[in-house]
Amino acid sequence: NGLTPTNSFIRLGGSGAANTLDDYEEGSFNPTFTAGSGSGTLSVDFYNLQSGNYVKVGKKVTCIIGVATNQSTVSGTAALQISGLPFTIESTDMNLLGGNLSNGSQIANVANVTAVDRGDNNTSIVFRYNNGAPSNDSFITLNISDLQGSGEYIKVLITYFTTQ
C-alpha cells in the first residue's frame, strides 16, 4: 500500500512535525464539589460517586465527570464549582464547551444551565445560566445553596484547551 511509519498521515510518538500525533494521554481523576468565588463554605459528608476520566490529545482535553453526594452542608453565598480537573485551563476569558450536562440531577437550577466556564482557579469549572435577559451579562452561576440536601448528582462532558 506504500504507507510506512515515515510517510503515513499520522504517527504516534513522533517528532512534533505536522500530521504527527505526538501527545496523547488518558487517565482518571477525582472531581470534587467546592465553593468558588463569593463568600461561603461547602462541605460534603460523603461522595456516592466521584468519577473523572479524560483524554488529552495535544492541548485539547475532554473529560467525563460524574459527582454525587449523599449530603452537603452550605453556608453563605458562593459559586458551585467542580474542582480537580487534570490539566490547567488555558484561558480566563472563555466559555468552555459543555458537551452534555445531566438534568436528572437534584441540584436546583441545573436544568437551566447553558454554559460551563472556568472557575476561580485554573483547574475548576462553574455552571452558568441566563436569568432571562438577552445579554451575556445576565448570566449567573449556580450557587452552592443549589447543592443542599441529599442525593445531588451531576454528570458532564466538557472539552477545553490546556496550557500543557
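## A tour around Val 55

Start by selecting Val 55: with a relative accessible area of 33%, this residue is partly exposed, meaning between the cut-offs for buried (under 20%) and exposed (over 50%), with a 1.4 Å probe and protein chains only. Residues are numbered from 1 along each chain as its sequence is written. This is a predicted model, where local features need pLDDT of at least 70, side-chain atom pairs count only at pLDDT 80 or more, and totals for chains, interfaces and linings use all residues; side-chain values use heavy atoms, without hydrogens and water.

Val 55 sits in strand E2 (residues 32–57); strands are DSSP runs of at least two residues, numbered from the N terminus.

Next, select Tyr 54, also in strand E2. Is Tyr 54 buried or exposed? Tyr 54 is buried, at 12% relative accessibility. Now add Phe 87, in the loop between strand E3 (60–83) and strand E4 (95–101). The ring centres of Tyr 54 and Phe 87 are 5.3 Å apart with planes at 85 degrees, so this pair is edge-to-face (rings of Phe, Tyr and Trp, its six-membered ring, pair with centres within 6.5 Å; planes under 30 degrees apart are stacked, over 60 edge-to-face, the rest tilted). The pair ties together parts 33 residues apart in sequence.

Add Phe 29, which is buried at 10% relative accessible area, and you have one aromatic cluster of Phe 29, Tyr 54 and Phe 87.

Last stop: Lys 56 lies over the face of Phe 87, 5.3 Å from the ring centre (the rule: NZ of Lys or CZ of Arg within 6 Å of the ring centre and within 35 degrees of the ring normal).

Key. Helix = DSSP H or I, 4+ residues; strand = E, 2+ residues; numbered from the N terminus.
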